[in-house]
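User: I'm new to this one. Could you put the structure up and walk me through a few spots?

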Amino acid sequence: MLRQRVITALALAPLVLLVILWAPHELTAMVFALLAFAAFWEWSAFPGFRRRSVRGLYVTALCACILAVWWIGVDRPALDGVLYAAIAWWVVALVWIVAAPAFMNQATAAVAGALVLVPAWLALTRLHAHDPQLLLFLLALVAAADVGAYFAGRRYGRKKLAPRVSPGKTWAGVFGGLGSAVLVSVFGVWWLQKTAALFVGLCVLVVAASIVGDLTESL
């Protein structure tokens, strides 16, 4: 598993750098859209849709959402509400994981896909337009947190984080991921010339949100 992850990361790294740092913004947005379409198809299995035609309709509906966002204009202030709704969703997701993980059905899983993936595409596209290096740092931050969580959880993982949702995740993994995030964010302060305290705090918050996202996907 680890070997496959490392090989995949090394193989894709040059392509990621090309798409984020050197490709025109419109092309990068299209690449993000293609990745989103693939994610739509994968997510369409979570609600338990048995027929491929139903999964296809679900994917088509989410693709239409992205096309509508692109048609309106990614940077239009009118779409700020989509990102605010996403923030509200992640708060709800945290409460859902903690208080009612058994409350999962076809409808909630389907709606969750729309609330996760469409705003994610919009946010990544906006962030790339704002600063491609900041987007690259974001990917590095989450990857580093994932690596830190993997090794800390494997070495020290005893106490389960959310056994009813994902039995393999531990508190040691959480602290390992957050610790890795702090180290990478300190590097980011130098790289991106940011205010240290605010930037490190924001990075820790982002990684905490990524943990909630990981648990939501497990749910």
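Analyst: First a yardstick: buried means under 20% relative accessible area, exposed means over 50%, and partly exposed is in between (1.4 Å probe, protein chains only). This is a predicted model, where local features need pLDDT of at least 70, side-chain atom pairs count only at pLDDT 80 or more, and totals for chains, interfaces and linings use all residues. Residues are numbered from 1 along each chain as its sequence is written, and side-chain values use heavy atoms, with hydrogens and water left out.

User: Is T125 buried or exposed?

Analyst: T125 lies in helix α5 (residues 106-130); helices are DSSP runs of H or I, at least four residues, numbered from the N terminus. It touches H25, A29, F32 and V74, not counting residues up to four places away in sequence, where contact means heavy atoms within 4.5 Å. Because its relative accessible area is 1%, T125 is buried.

User: And L15, how exposed is that?

Analyst: L15 lies in helix α1. With a relative accessible area of 48%, L15 counts as partly exposed.

User: Which residues of α4 are buried, and what do they pack against?

Analyst: In α4, the buried ones are A86, W89, A93, W96 and I97. They cover an arc of only 85° around the axis, so they sit on the same side of α4; the arc is that of the directions from the helix axis to the C-beta atoms. The face turned away from that buried side carries the exposed Y84, I87, V91, V98 and A99. The buried residues of α4 pack against α5 and α8 (196-218).

How values were computed: Helices (H or I, at least four residues) and strands (E, at least two) are DSSP runs, numbered from the N terminus.
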